[in-house]
Amino acid sequence: MKRVAVIIPTFNRRHCLGRCLKSVLNQTFDDYELMVVDDCSTDGTEHHPLLSEPRVGYEKLPARHGVSFARNYGVQCTTAPLLAFCDSDDEWHTNKLEHQCAFIDNNPSFRISQTKEIWIRHGIRVNPPQTHEKVGGDIFEPSLHRCMITPSSVIIDRDLFRDTGGFNESFVACEDYDLWLRITWKYMAGLVGEYLLTRYGGHDDQLSSTVFALDRFRIRSILNILYRVPLSVHQRIQAKEVLVKKANIVARGFKKRGDRRCYEQY
């Protein structure tokens, strides 16, 4: 059995999938299995030459189900005790898995960890806002405000992923925010203080650009943990405070645009 299962969900990204795959195949650490889950692409992704590489597993879904389903499906198709995800528009640095697994060996109490990251927007390197800088330890409170863990950076214990329910397939966006809240209320997050991931943004098909009123999904996430998770008194106060802030943001958006969809799915 391999130590790490690497799962790459993709949809109509043949143009950048090669960069992502090469960054995994060129890792200095080779104790991994690799599964690409194609969420019913229509751009000829299945004919990408790297998908015929012997180390690459590939499954094309017969219908489109979304990134959460694709990631969860990839987990089911693999067996390694550690899970690593990489979005098909991102790129790992060659020693990411090696250094992250070494961190896990030296810090076995962490069941989830991530690395620092470089941001590229429209082909130009940019500095993320200070509020988005990666941190380790107890990150539940900052995770209420924004997504503090990057899926392409994370390594997570398979049992922890399973026990916390995996990615919520009813979410078309903010599925990562939702999962991290279900984990960080109880578990510390490890941080490898090295830049081992490059994220590429600014393209038109990003969910943050195509899905309106993202905070409505974050509100659902906070409500779920308030009702279903035995938060501490302090955590419950924090969650309620952020819930009110995000509800007010959605309400102001409704008043401005008059779009009742902002209230759906609560």
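This presentation describes the overall fold of one protein chain and then a few of its residues and salt bridges.

Good morning, colleagues. Please bear in mind throughout that the structure before you is a predicted model.

I shall begin with the chain as a whole. The protein chain contains nine helices and nine strands. Its radius of gyration is 18 Å, close to the 18 Å that the globule rule gives for 266 residues, so the chain is as compact as a globular protein of that length. The C-alpha trace spans about 50 × 45 × 35 Å along its principal axes. Among the contacts with a separation of 6 or more, 75% are made by residues 24 or more positions apart.

Turning to the surface, 51% of the 266 residues count as buried. The accessible surface of the chain comes to about 12,700 Å², and carbon and sulfur atoms account for 51% of that area. As to charge, there are 36 positive and 33 negative side chains, and the centres of these two sets lie 7 Å apart.

Let me now take a single position, Ala80. This residue sits in the loop between α2 (67–76) and β4 (82–85). Is Ala80 buried or exposed? Its relative accessible area is 0%, and because buried means under 20%, Ala80 counts as buried. Leaving aside residues up to four places away in sequence, Ala80 touches Met1, Lys2, Arg3, Val4, Ala5, Glu33 and Arg158. By contrast, the C-alpha atoms of Ala80 and Gly253 are separated by 44 Å, with the two positions 173 residues apart along the chain.

I come next to the salt bridges, of which the structure holds 15. One of them joins Arg64 and Asp39, whose closest N and O atoms are 3.7 Å apart. Arg64 lies in the loop between β3 (56–60) and α2, while Asp39 lies in the loop between β2 (32–38) and β3, so this pair ties together parts that are 25 residues apart in sequence. The partners differ in their surroundings: Arg64 is exposed at 53% relative accessibility, whereas Asp39 is buried at 4%.

A second salt bridge links the side chains of Glu46 and Lys60, at 3.3 Å from N to O. Since Glu46 belongs to the loop between β2 and β3 and Lys60 to strand β3, the pair ties together parts 14 residues apart in sequence. Both residues are partly exposed, Glu46 with a relative accessible area of 30% and Lys60 with 33%.

A further salt bridge is formed by Asp163 and Arg162, with an N to O distance of 3.0 Å. Both of these residues are exposed. In addition, Arg71, Asp87 and Glu175 are joined into one network by salt bridges that share partners.

That network brings me to my final residue, Asp176, found in helix α6 (residues 175–184). Which side chain of opposite charge is nearest to Asp176? The answer is Arg71, at 5.9 Å. Asp176 is buried yet has no salt bridge. A salt bridge requires the nitrogen and the carboxyl oxygen to be within 4 Å. Not counting residues up to four places away in sequence, Asp176 touches Cys147, Ile149, Pro151 and Phe167.

To close, I would set two aspartates side by side: Asp39 is buried and forms a salt bridge with Arg64, whereas Asp176 is buried and has none. Thank you for your attention.

Definitions and conventions:
Residues are numbered from 1 along each chain as its sequence is written. This is a predicted model: local features need pLDDT of at least 70, side-chain atom pairs count only at pLDDT 80 or more; totals for chains, interfaces and linings use all residues. Side-chain values use heavy atoms; hydrogens and water are left out. Helices (H or I, at least four residues) and strands (E, at least two) are DSSP runs, numbered from the N terminus. The radius of gyration is taken over C-alpha atoms; the globule rule is 2.2 Å times the number of residues to the power 0.38. Buried means under 20% relative accessible area, exposed over 50%, partly exposed in between (1.4 Å probe, protein chains only). Contact means heavy atoms within 4.5 Å. Accessible areas come from the Shrake-Rupley method with a 1.4 Å probe; for residues, only the protein chains shown count as cover. Lys and Arg count as positive and Asp and Glu as negative; His and the chain ends are not counted. The place of a charge is taken as NZ of Lys, CZ of Arg, CG of Asp or CD of Glu.
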